[in-house]
Amino acid sequence: MASFVLGIDLGGTKVSAGVLDADGKIVCRERAKTKAWRDSSEIFATIARVGHRAIREAGLDSSQIAAAGIGSPGPLDPDTGYIIESANVNFHNFPLGPRLAEEFGCPVVVANDVDAGTYGEFRLGSARGARDVLGVFIGTGIGGGIIANGALYHGFSKNAGEIGHIVIKAGGPRCNCGNRGCLEALASRTAMARDIRKAIKRGRKTTLARLSGKKLDSIPSSAIKEAFEAGDHLVTRIVERAADYIGIAIGSVVNLLGPEVVVLGGGVIEALGAPLIERIDRVARKVAFEFAIKDVRFVRSELGDDAGIIGAAMLARERVSNAL
């Protein structure tokens, strides 16, 4: 049996792929911009191209890939591999799993992107050894993953864990999902960029006012980091407010689920790091019951951008191994 597996992480900003060997080590990585506004066929073509490129750069061909896994924004059906719809990628009832199985000639597992990232951290990252884990990944959007008693928890809907779509502020900003006041609409990078743009239009001073055109339409995490670390008052206020909303949501979920570890990851966490995590931790502890959160560990994603790739690949490898 082939010992290599392919892991793909599909996000609203980029598509990343990696080939893992039998020891779970990534031997080659590739990536490309998602350009999520395009139609589904164009997005699929990008996913396939990045996957094939990763296989080729690893010195392999598709026949040497035992299985592939992909983490995708949902909602989705992990049993059929269909993406039901997505707030951040232009997929609607799209047969992603079957199409990829045909493309690569191997079994394919489709998982929620943050489920995959959380599973990667659970198996090989900062949540190793824990049995109950909450993963929260903050980037273009905000997603959550749940490990309950050592296994991914999907729930009756098969899409449990959507912490980004908990309504935190009734009547708040419109979310891409159609609701108002979701955590994602208040605290994602997209939400921070929107609030910065609005403040600039109102004449508020910020170092980010120098950005223009597309750069101002989609302010990258790196630019927010630079302004935050420079003490930009407006950006600091917006970042801290986002952290407070995230802390409120996590504190509430800790009361509900009782995790042992909370893993924080995604582009915003990678960029802003410890100050953001510390504030989220502090606010969450004010919200949750003391007995529920006193021993809970808040940790940063150890695998970084590789978490989704590794988690998707591990899920694929295990699916194939269990089928034997």
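In the predicted model, D281 is found in helix 10, which spans residues 274-287, and this aspartate is buried, with a relative accessible area of 18%. Although D281 and V235 are separated by 46 residues in sequence, their C-alpha atoms lie 20 Å apart in space.

A search of the whole structure identified 14 salt bridges. One of the pairs joins D306 to R29, with the closest N and O atoms 2.8 Å apart, and it links distant parts of the chain, since D306 lies in the loop between strand 13 (297-300) and helix 12 (307-323) whereas R29 belongs to strand 3 (residues 26-33), 277 residues away. Of these partners, D306 is buried at 16% relative accessible area, while R29 counts as partly exposed at 47%. Strand 3 also contributes E30, which is paired with R53 of helix 1 (residues 40-57) across 23 residues of sequence; the closest N and O atoms of this salt bridge are 3.0 Å apart, and R53 is partly exposed, with a relative accessible area of 22%. In addition, K14, R31 and D305 are linked in a network of salt bridges.

The loop between helix 5 (189-201) and helix 6 (213-217) holds R202 as well as T206, and the two residues fall into opposite classes of accessibility: R202 is exposed, with a relative accessible area of 59%, whereas T206 is buried, with a value of 12%. The side chain of T206 is joined to that of D232 by a polar contact of 2.8 Å, while R202 takes part in a positive surface patch together with K198, K201, R204 and R237.

Conventions:
Residues numbered from 1 in each chain as written. Predicted model: local features only at pLDDT ≥ 70, side-chain atom pairs only at ≥ 80, totals over all residues. Heavy atoms only, no water. Patch = residues over 30% accessible without salt bridge, like charges linked within 9 Å, V, L, I, M, F, W, Y side chains within 5 Å. Areas by Shrake-Rupley, 256 points an atom, 1.4 Å probe, with all protein chains shown as cover. Salt bridge = Lys/Arg side-chain N within 4 Å of Asp/Glu carboxyl O. Lys, Arg positive; Asp, Glu negative; His and termini not counted. Charge placed at Lys NZ, Arg CZ, Asp CG, Glu CD. Helix = DSSP H or I, 4+ residues; strand = E, 2+ residues; numbered from the N terminus. Buried < 20%, exposed > 50% of the residue type's maximum accessible area, 1.4 Å probe, protein only. Polar contact = N/O pair within 3.5 Å; in protein donor to acceptor, adjacent residues only side chain to side chain.
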